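Open the model in your viewer and switch on the cartoon. Keep the selection box at hand, and follow the stops in order.

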Amino acid sequence: FTTGAAHTLEHLFATFARSGEDSDRVIYVGPMGCRTGFYLLLSGDLESQDIKDLLLSCFSFIANYEGEIPGATERDCGNFRDMNLPVAKWWAKKYLEEVLYQLRVENTQYPA
């Protein structure tokens, strides 16, 4: 997983989540400091299954995205040169196929 792919995923994930139908619930979308994942903070009393459709839509958007990466300009992003759309799309597709399409309630809850 390269920093360019993670950075591109971050921009596309944040753009989609902040402008989609659930945008009023989005508090924050961003990378974990160790770059092993992303934070998605939403308002409300939600269970993991409640955001499944949002994640499916978001990662489908990323997997099929074509064009300029939102916010990837010198004016908007201090790391604008570190982007990799093809690899970000590959990871989004892989996440869809191996995780989100296979998501079951038992995979979304921590053991008591």
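This tour visits helices, then single residues, then aromatic rings. Bear in mind that the model is predicted.

**Stop 1: α1 and α2**

Select residues 3-19, which form helix α1. Add residues 52-63, which form helix α2. Their axes come within 10 Å and cross at roughly 130°. An angle that is not under 35, not over 145 and not from 65 to 115 degrees counts as oblique, so α1 is oblique to α2. The crossing of α1 past α2 is right-handed.

Now show the side chains. On the α1 side, pick L9, L12, F13 and F16. On the α2 side they meet L54, L55, S57, C58, F59, F61 and I62. What classes of residue make up the contact of α1 with α2? There are 10 nonpolar residues, 1 polar residue and no charged ones.

**Stop 2: α1 and α3**

Keep α1 and add residues 85-98, helix α3. Here the axes are 8 Å apart, and the angle is about 70°. Angles of 65 to 115 degrees count as roughly perpendicular, so α1 is roughly perpendicular to α3. From α1, select A5, T8, L9 and L12. Their partners in α3 are L85, V87, A88, W91 and A92. By class, this contact of α1 with α3 has 8 nonpolar residues, 1 polar and no charged.

**Stop 3: H11**

Stay on helix α1 and click H11. Is H11 buried or exposed? Its relative accessibility is 11%. Buried means under 20%, so H11 counts as buried. Show its neighbours too. Leaving out residues up to four places away in sequence, H11 touches I69, P70, G71, A72, C77 and M83.

**Stop 4: G20**

Next, select G20, in the loop between α1 and β1 (26-31). G20 has a relative accessible area of 23%, and is partly exposed. Then add R35 and draw a line between the two C-alpha atoms. G20 and R35 are 15 residues apart in sequence and 24 Å apart in space.

**Stop 5: the rings**

Finish with the aromatic side chains. How many aromatic pairs are there? The count comes to 6. Zoom in on one of them, W90 with W91. The ring centres of W90 and W91 are 4.9 Å apart, with the planes at 85°. Planes over 60 degrees apart count as edge-to-face, so that is the label for this pair. W91 itself is partly exposed, at 28% relative accessibility. Last, select F13, F38, F59 and Y95, which ring pairs link into a cluster.

Terms used. Residues are numbered from 1 along each chain as its sequence is written. This is a predicted model: local features need pLDDT of at least 70, side-chain atom pairs count only at pLDDT 80 or more; totals for chains, interfaces and linings use all residues. Side-chain values use heavy atoms; hydrogens and water are left out. Rings of Phe, Tyr and Trp (its six-membered ring) pair if their centres lie within 6.5 Å; planes under 30 degrees apart count as stacked, over 60 as edge-to-face and the rest as tilted. Buried means under 20% relative accessible area, exposed over 50%, partly exposed in between (1.4 Å probe, protein chains only). Axes are lines fitted to C-alpha atoms, for helices over the stretch in contact, and angles run from 0 to 180 degrees between N-to-C directions. Helices (H or I, at least four residues) and strands (E, at least two) are DSSP runs, numbered from the N terminus. A crossing is left-handed if the near helix is turned anticlockwise from the far one by less than a right angle, and right-handed if clockwise. Contact means heavy atoms within 4.5 Å. Ala, Val, Leu, Ile, Met, Phe, Trp, Tyr, Cys and Pro count as nonpolar, Asp, Glu, Lys and Arg as charged, and the others, Gly among them, as polar.
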